[in-house]
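Colleague: I would like to go through this model before planning bench work. Please take my questions in turn.

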Amino acid sequence: MLKAFFIGIATYGCETWTLTDTNKKKLNTWWMKQIRKCFGITKKERKRNIELLAFFETQLLSDIVEQRRWNYYGHIYRYPTERWAKFMLTAKLENQKAGRFLNWRKQIEMTKDEAKRLFEERSPVQNFTDDLALDKKSWAKIIKDVQVQRAAPIDIPDDLSVAEGGQSDSDV
């Protein structure tokens with residue numbers, strides 16, 4: 001229920017959000033609070049967020065937003081060149097001033113640079129280019145691989161269980 005109702009509402013239109021580190025932190029804090037509330041887990045039980053995310057098979061909300069943003073980017077990139085959205089995505093502006101504020105396009109460029117670095121570390125034979133987005137299935141796989149590489153390795157105990165005050169697996 002948490003994934004079905006909360007994620008859809010909380011991420012409405014997130015493909016075009018500009019996320020700062022502060023906003024990511026707020027989103028993730030809110031998301032973890034909702035997970036803890038939904039399953040009756042309190043801070044006193046000292047369960048780490050990483051453990052809860054793995055146990056309930058979900059991700060941080062900022063990661064979900066980023067994944068949706070990348071899917072949207074690939075979707076727009078597959079548009080025909082005469083579509084306005086693709087034109088705006090791929091246009092090179094002359095005499096563009098370097099602003100200090102991030103916008104969606106700047107964030108995509110920064111994330112593309114990071115994804116390119118991670119992709120080329122994993123697969124030095126193939127270059128990371130926008131044309132990889134033309135094949136929907138391979139684009140989704142590449143983005144998933146890049147996100148997995150960005151995440152730190154997690155050691156989760158095998159005996160992780162929901163505390164007595166929470167819901168059991170059959171209740172969920």
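The questions below go from the whole chain to its helices and then to single residues.

Colleague: What should I know about the numbering and the source of the values?

Modeller: This is a predicted model, in which local features need pLDDT of at least 70, side-chain atom pairs count only at pLDDT 80 or more, and totals for chains, interfaces and linings use all residues. Residues are numbered from 1 along each chain as its sequence is written, and side-chain values use heavy atoms, with hydrogens and water left out.

Colleague: How many helices and strands does the protein chain have?

Modeller: Helices (H or I, at least four residues) and strands (E, at least two) are DSSP runs, numbered from the N terminus. From that end the elements run α-α-α-α-α-α-α. The count is seven helices and zero strands.

Colleague: What percentage of the residues in the protein chain is buried?

Modeller: Buried means under 20% relative accessible area, exposed over 50%, and partly exposed in between (1.4 Å probe, protein chains only). The protein chain has 172 residues, and the buried part of them is 31%.

Colleague: Which helices do the buried residues of α2 pack against?

Modeller: Helix α2 covers residues 21-39, and its buried residues include Leu 27, Trp 31, Ile 35 and Phe 39. A contact means heavy atoms within 4.5 Å. The buried residues of α2 pack against α1, α3 and α4.

Colleague: What span should α2 have, and what span does it have?

Modeller: The expected span of a helix is 1.5 Å times one less than its number of residues. Helix α2 has 19 residues, so the expected and modelled spans can be compared, and they agree: both are 27 Å.

Colleague: Within what arc do the buried residues of α6 fall?

Modeller: Helix α6 takes in residues 104-122, and among its buried residues are Trp 104, Ile 108, Thr 111, Ala 115 and Leu 118. An α-helix has 3.6 residues a turn, so residues three or four places apart point the same way. Taking the directions from the helix axis to the C-beta atoms, the buried residues of α6 line one face of the helix because they fall within an arc of 135°.

Colleague: Which exposed residues does α6 carry on the face turned away from its buried side?

Modeller: Arg 117 is also in α6, but at 43% relative accessible area Arg 117 is partly exposed. The exposed residues on the face turned away from the buried side are Asp 113 and Glu 121.

Colleague: What is the phi of Arg 46, and what is the phi of Glu 57?

Modeller: Most residues other than glycine have a negative phi. Arg 46 is in the loop between α2 and α3 and is exposed at 73% relative accessibility, while Glu 57 is in the loop between α3 and α4 and is exposed at 64%. Neither is a glycine, yet the phi of Arg 46 is about 55° and that of Glu 57 is about 50°.

Colleague: Which residues form the nonpolar patch on the surface?

Modeller: Patches are made of residues with over 30% relative accessible area and no salt bridge (a side-chain nitrogen of Lys or Arg within 4 Å of a carboxyl oxygen of Asp or Glu). Like charges are joined within 9 Å, and nonpolar side chains (Val, Leu, Ile, Met, Phe, Trp, Tyr) within 5 Å. By the Shrake-Rupley method with a 1.4 Å probe, where for residues only the protein chains shown count as cover, this patch has about 470 Å² of accessible area. Its members are Met 1, Phe 5, Phe 6 and Trp 30.
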